[in-house]
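Hi everyone, thanks for making time this morning. I'd like to walk you through one structure, so let me put it up on the screen.

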Amino acid sequence: QLANIGVIGMAVMGSNLARNLAHHGHRVAVFNRTTARTDEMIAAHGSEGDFRPAAELADFVASLERPRRIIIMVKAGGPTDATIDALIPLLEPGDIVVDGGNAFFEDTRRREEKLRGAGLHFVGAGISGGEVGALEGPSIMPGGSKESYAALGPILESIAAQVDGEPCCTYIGTDGAGHFVKMVHNGIEYADMQFIGEAYELLKGLGLSHTEMADVFATWNTGDLDSYLIEITSEVLRKVDAATGKPLVEVIVDAAGMKGTGTWTVQSALNLGTPVSAIAEAVFARAISSSPDLRAASQAALAGPSGAIAVDDRAAFIDQIRQALWASKVVAYAQGLDEIRMGAADYGWDINVGEVAKIWRGGCIIRAKLLERIRSEYAAGSLTTLLEAPSVAKELAASQDAWRAVVAAAVTAGVPVPGFSSALAHYDQARAPRLNAALTQGLRDYFGAHTYRRVDKEGTFHTNWSTDGAEVRED
Ligand code: NBP
């Protein structure tokens with residue numbers, strides 16, 4: 001019997017995905033550029049299921065039933081293109097090539113077009129959940145032709161995380177839609193982590209020990225903030241460094257790394273003109289953390305408060321931080337989902353935003369109780385933005401006093417909260433009946449004759465600022 005599916009790339013993600021497939025009863029062909037890696041995987045895990053290792057790519061392809069289903073899990077970028085180029089001459093029309101790596105969606109669009117030209121299906125599948133997710137059930141976001149999903153979907157759904165009996169995998173849309181959605185998922189993940197970092201710094205400013213902070217996060221994880229990231233924050237804060245006896249987090253260098261997906265989310269949002277300010281602040285916060293020269297020069301020059309926060313009622317302020325965190329998180333999710341809606345309109349994808357929230361409920365890094373709420377709000381009616389959903393708007397209104405108090409206290413104490421404050425600014429901008437953009441338009445017309453529209457009549461207008469001051473209609 002031929003294999004049902006093949007996996008190329010036996011590094012941690014590919015081998016875990018192959019094992020997950022085998023655990024679910026699929027016959028799995030496996031291949032890696034360096035054969036020793038395949039041998040190691042089979043030696044360690046070959047008994048877990050029906051694997052078909054191949055040392056040559058041609059043998060790997062020949063071992064697959066048709067239409068062939070091949071998942072590529074190699075390093076993103078050049079290695080993915082090299083693998084695709086090696087595969088194309090070996091495949092036949094109707095075969096399906098899946099890129100499960102973290103590809104930029106524009107690359108996926110390019111690759112899909114190329115393979116479509118050769119009569120092949122190309123599926124860009126975002127896979128979230130890290131190595132544990134790949135093994136035990138990730139969240140999978142496949143984009144490509146609907147036809148390919150008919151052949152591929154049932155297998156992917158069988159290995160995805162399951163929530164309430166439903167798989168965390170659904171058809172997203174054509175060509176780059178899956179990788180676009182995965183990219184935005186990562187952008188939201190950046191924002192989530194930035195908010196958690198700000199809450200941690202505020203708790204520290206209140207003078208809590210790391211154990212106390214860990215307890216606060218553990219308590220928060222039993223309520224509306226229930227999520228994977230809050231859960232592991234508690235564990236990370238509780239960890240004591242064996243070498244120094246200090247909390248581990250205090251001996252970790254405070255320079256955050258990034259691999260690019262957050263930056264892509266913001267770059268794409270800029271191209272689309274969709275405001276993702278909280279996500280952008282999270283990317284910039286990592287950037288400033290990893291700017292040692294800028295920080296060293298500024299530390300020597302700049303004065304300000306120490307970050308210590310004095311409050312009369314510590315418990316009450318901790319609860320206000322919880323509300324600020326929750327409200328900011330809602331705004332970041334709203335911004336990400338807005339980007340998906342705008343991206344879908346721009347690229348011609350028919351993306352169901354509620355279904356996206358549904359498949360993020362399990363398996364992925366941003367899995368959170370909030371996503372069930374988002375899913376049901378989108379299922380209940382068509383929403384332009386999450387912020388207008390009745391239950392969400394009501395709770396944001398109830399949280400806003402706490403949110404404002406936390407941002408004000410942080411600013412006074414010198415604790416940087418770019419995430420909380422930009423999310424709050426988005427909330428206030430989005431609900432404002434009038435924005436200061438009217439003055440911006442006046443200024444643009446003054447120095448550049450860029451024209452403006454009026455609230456009281458149709459048309460485009462310009463004022464002769466430097467001559468007679470009269471208003472003229474320009475269209
Ligand atoms: P890596 O990203 O570390 O890539 C290693 C794999 O790429 C090996 O199988 C290697 O083969 C292969 N490879 C390279 Br490098 N250059 C190649 C080439 N020119 N031709 C063919 N194969 C080549 O592996 P990973 O961490 O398992 O991640 C795989 C993908 O999954 C990446 O796109 C990653 O962004 C994505 N992803 C990772 C995570 C995570 O938590 N790690 C989560 C979600 C998605 P070799 O053995 O011959 O060198």
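**Around the ligand**

Let's begin at Met13, where a polar backbone atom sits 2.9 Å from an oxygen atom of the ligand. Before I go further, please keep in mind that this is a predicted model. Right beside that spot, a backbone N or O atom of Val12 is 3.5 Å from an oxygen atom of the ligand. Then there is Val74, with a polar backbone atom 3.1 Å from a ligand oxygen. How much of the ligand's accessible area does the protein cover? On its own the ligand has 910 Å², and 75% of that is covered by the protein.

Now, who else is in the neighbourhood? There are 20 residues around the ligand, and those that come nearest are Met13, Asn32, Arg33, Thr34 and Arg37. If you sort the shell by class, you get 9 nonpolar, 7 polar and 4 charged residues. Which helices each supply at least two residues of that shell? They are helix 1, residues 12-23, along with helix 4 and helix 6, the latter being residues 130-136.

Let's step back to the sheet. It is an open sheet of 7 strands, in the order 3-2-1-4-5-6-7, and the pairing is mixed. At the edges you'll find strand 3, residues 51-53, and strand 7, residues 139-143, each of which pairs on one side only. From one strand to the next, the twist averages 25°.

Look next at strand 1, residues 5-8, and strand 4, residues 69-72. These two pair in the parallel sense, over 3 bridges. Within that pairing, Val7 stands opposite Ile71 of strand 4. Helix 4, residues 78-87, packs on the sheet and touches strand 1, strand 4, strand 5 (96-99) and strand 6 (121-128). Its direction makes about 155° with that of strand 4. So helix 4 comes up twice in this talk: it packs on the sheet, and it also supplies residues to the ligand shell.

Another helix to find on your screens is helix 8, residues 177-205. Helix 8 lies across strand 5, strand 6 and strand 7, and runs at about 15° to strand 6.

Two backbone details before I finish. Arg66 and Pro67 are joined by a cis peptide bond, with omega about -5°. You'll find Pro67 in the loop between helix 3 (57-62) and strand 4. The other detail is Asp164, which is not a glycine and yet has a positive phi of about 50°. Asp164 is in the loop between strand 8 (162-163) and strand 9 (166-167).

Thanks for listening!

Technical notes
Residues numbered from 1 in each chain as written. Predicted model: local features only at pLDDT ≥ 70, side-chain atom pairs only at ≥ 80, totals over all residues. Heavy atoms only, no water. Pairing = 2+ DSSP bridges. Helix = DSSP H or I, 4+ residues; strand = E, 2+ residues; numbered from the N terminus. Axes fitted to C-alpha atoms, helices over the stretch in contact; angles between N-to-C directions. Contact = heavy atoms within 4.5 Å. Near = heavy atom within 4 Å. Polar contact = N/O pair within 3.5 Å; in protein donor to acceptor, adjacent residues only side chain to side chain. Areas by Shrake-Rupley, 256 points an atom, 1.4 Å probe, with all protein chains shown as cover. Nonpolar A, V, L, I, M, F, W, Y, C, P; charged D, E, K, R; others polar.
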